[in-house]
Amino acid sequence: DFRCLVDSMAREGQINPVTAQRDPIRNDHFILLAGWRRLRAASELGWKTIRVSVVECEGECDAHMVNLQENAARRDLSTWELAAACEHLHKNFGLTVTELSGRLGYSQSHVCGLLLYLALPPIIVEAWKQRHPLMTLPNLQRLKTAGPGALDLFTKMQAAHTRREGKPIPNAPELLLAQLKADDPEVEAYA
């Protein structure tokens with residue numbers, strides 16, 4: 001991915017500027033807010049200068065928001081990364097769901113859902129972070145709705161997914177799968 005960026009910049013130049021703000025302490029310096037990969041690629045190509053868009057930030061919260069807005073435009077930004085950034089802005093700077101959704105261009109229900117999914121059991125959040133194929137937004141919603149039964153439902157979903165993929169289920173005999181199916185007919189939806 002990074003190699004593609006370097007190759008693209010070598011061929012076509014820098015299409016988008018990096019984003020920076022003036023350093024409040026050293027007036028002749030700048031603080032990079034967004035565009036780390038482009039800066040690294042330019043450095044690897046031996047460029048001495050790059051295009052920079054200088055923005056005025058009202059404080060650290062605005063600087064984080066500028067970074068998140070640019071990252072949200074990336075195609076490979078995961079929903080977990082977006083959720084973690086929203087949680088950081090919410091907890092550390094007091095931004096509300098309404099403020100986050102308005103500034104990022106997402107619905108309030110989407111931002112609220114992302115924040116709620118971070119409260120799922122740690123093993124589920126870790127699977128989401130690692131981009132497990134089961135961790136789609138509809139499945140996260142289903143797990144959140146399951147409340148205290150989220151971990152059991154996740155285990156069932158994993159077993160059905162593993163069976164569907166045709167791989168052996170670690171530490172789970174076929175009898176357990178039959179029991180899971182008997183306990184929850186919706187397991188078939190994932191089989």
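Biologist: Which residues of helix α9 are buried?
Modeller: In this predicted model, helices (H or I, at least four residues) and strands (E, at least two) are DSSP runs numbered from the N terminus. Buried stands for under 20% relative accessible area, exposed for over 50%, and partly exposed for what lies in between (1.4 Å probe, protein chains only). By that cut-off, the buried residues of α9 are A150, L153, F154, K156, M157, A159, A160, H161 and T162.

Biologist: What pLDDT do local features need?
Modeller: Residues are numbered from 1 along each chain as its sequence is written, and side-chain values use heavy atoms, with hydrogens and water left out. In this predicted model, side-chain atom pairs count only at pLDDT 80 or more and totals for chains, interfaces and linings use all residues, whereas local features need pLDDT of at least 70.

Biologist: How far apart are the end C-alpha atoms of α9?
Modeller: The expected span is 1.5 Å times one less than the number of residues. Helix α9 covers residues 150-164, which is 15 residues, so it should span 21 Å. The model agrees, as the end C-alpha atoms of α9 are apart by 21 Å.

Biologist: Which residue with a positive phi comes just after α4?
Modeller: Helix α4 also has 15 residues, and its end C-alpha atoms are 21 Å apart, in agreement with the expected span. Its buried residues are W80, L82, A83, C86 and L89. Just after this helix, a positive phi of about 70° is taken by G94.

Biologist: At what angle do α4 and α7 pack?
Modeller: Contact (heavy atoms within 4.5 Å) is made by T79, W80 and A83 of α4 and V125, W128 and K129 of α7. Axes are lines fitted to C-alpha atoms, for helices over the stretch in contact, and angles run from 0 to 180 degrees between N-to-C directions. The axes of α4 (residues 79-93) and α7 (residues 122-129) are 8 Å apart, and the helices pack at an angle of about 120°.

Biologist: Which helix supplies the largest share of the largest nonpolar core?
Modeller: A nonpolar core is a set of buried Ala, Val, Leu, Ile, Met, Phe, Trp, Tyr and Cys residues joined through side-chain atoms within 4.5 Å. The largest has 30 residues, and those with the most contacts inside it are L120, I124, W128, M135 and L143. Seven helices, α3 to α9, each supply at least two residues of this core. The largest share, five residues, comes from α4.

Biologist: Which strands stand at the edges of the open sheet?
Modeller: Strands pair if DSSP finds at least two bridges between them. The three strands have the order β2-β1-β3, with mixed pairing. One side of each edge strand is left without a neighbour in the sheet because each has a single partner strand; these edge strands are β2 and β3.

Biologist: In which sense, parallel or antiparallel, do β1 and β2 pair?
Modeller: Strand β1 (residues 18-22) has four of its five residues buried. With β3 (residues 52-54), β1 pairs in the parallel sense over three bridges, and V18 stands opposite V52. With β2 (residues 30-34), T19 stands opposite A34, and the pairing, over four bridges, is antiparallel.
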